[in-house]
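The exercises that follow ask you to read a protein model step by step. Keep the sequence and the structure in view, and try each task before you turn to its solution.

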Amino acid sequence: MTTFKDTYYSKFGLLKIGEGPEDNFVWTIDIDVSTNIYSGRIPIYIFTNDRIIPNSLLELAETIVLNIDQYLEKSVLFIKQTLTAQQKKYKIREHEYEFLSYDINCFPVDLPELTFWENSIEWMIRFAEGKFDICDPFGISVTYRLTTPKTVDDLEDSEYY
């Protein structure tokens, strides 16, 4: 018989369960971070199909969260490089060109959050705010495959849950 939990202890703190979209579950925690890129609380979301977190998913989340400084820096650098190289695709406007020259420590994206999904080796860092027009209204994100950034995602076509 499977035992269901309402909390999970991870290496980065106590995850609490909630109802997710489509009859799934979401495990959440906010962590305190102070880095060159960001200082404040970062929400972590882990989506599962059942009321358990598979060990492989928990291990992936722990690997990333315990190295959050590295992943925040990698994400901002990846956004900067991608937007610079693909200005037309991401609809970078003339008044935004100067943002592309900013150092990653003051690059204009803010309020990061991490999302992990069961049965996926992909996860995401979303920056909920940014000065680029494409950041309105849902922000901009970097999708990773394990530890490698794969895409910068313009979230303008996303929906509220």
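**Exercise 1. Find the residues that Glu113 touches, leaving out those up to four places away in sequence, and decide whether Glu113 is buried or exposed.**

Solution. This is a predicted model, and the place to begin is the list of contacts: leaving aside residues up to four places away in sequence, Glu113 touches Ile42, Pro43, Tyr45, Met124, Ile125 and Arg126. Next, place the residue itself, which belongs to strand β5, residues 109-117. Finally, take its relative accessibility, which is 13%; buried means under 20%, so Glu113 counts as buried.

**Exercise 2. Work out the order of the strands in the open sheet, and explain why β1 and β8 each have one side without a neighbour.**

Solution. Follow the sheet from one strand to the next, and you will find an open sheet of eight strands, in the order β1-β2-β3-β4-β5-β6-β7-β8, with mixed pairing. The strands at the edges are β1 (7-10) and β8 (148-154), and because each has a single partner strand, one side of each is left without a neighbour in the sheet. Neighbouring strands of this sheet are turned against each other by 25° on average, if direction is ignored.

Now look at individual pairs. β2 and β3 run antiparallel and are joined by four bridges, one of the partnerships being that of Ile17 with Trp27 in β3. β3 also pairs with strand β4 (residues 39-48), in the antiparallel sense and over 10 bridges, and here Val26 has Phe47 in β4 as its bridge partner. The connection from β3 to β4 is a hairpin of four residues. Further along, β6 and β7 pair in the antiparallel sense over six bridges, with Arg126 partnered by Ser141 in β7.

**Exercise 3. Locate Glu22, Asp23 and Lys91, and state the sign of phi in each.**

Solution. Begin with the hairpin of β2 and β3, which has five residues between the strands and in which Glu22 takes a positive phi near 55°. Asp23, in the loop between β2 (13-19) and β3 (25-34), likewise has a positive phi, near 60°, although it is a residue other than glycine. Asp23 counts as exposed, because its relative accessibility is 73% and exposed means over 50%. Lys91 is found in the loop between α2 (68-85) and β5; its phi is positive, about 55°, and it is not a glycine either. With a relative accessible area of 47%, Lys91 is partly exposed.

**Exercise 4. Find which peptide bond is cis, and say where Pro137 lies.**

Solution. Check omega for the bond from Asp136 to Pro137: the value is near 10°, and this peptide bond is cis. Then place Pro137, which lies in the loop between β6 (122-130) and β7 (140-145).

**Exercise 5. Compare the span of α2 with the expected span, and describe how α1 lies relative to the strands.**

Solution. Count the residues of α2, which has 18, and then take the distance from its first C-alpha to its last, which is 25 Å and close to the 26 Å expected at 1.5 Å a residue. Its buried residues include Ile68, Tyr71, Leu72, Val76 and Phe78, and Lys80 is also among them. Turning to helix α1 (residues 55-65), you can see that α1 lies across β1, β2, β3, β4, β5 and β6, and that it runs at about 160° to β5.

Notes:
Residues numbered from 1 in each chain as written. Predicted model: local features only at pLDDT ≥ 70, side-chain atom pairs only at ≥ 80, totals over all residues. Heavy atoms only, no water. Helix = DSSP H or I, 4+ residues; strand = E, 2+ residues; numbered from the N terminus. Buried < 20%, exposed > 50% of the residue type's maximum accessible area, 1.4 Å probe, protein only. Contact = heavy atoms within 4.5 Å. Expected span 1.5 Å × (residues − 1). Pairing = 2+ DSSP bridges. Axes fitted to C-alpha atoms, helices over the stretch in contact; angles between N-to-C directions.
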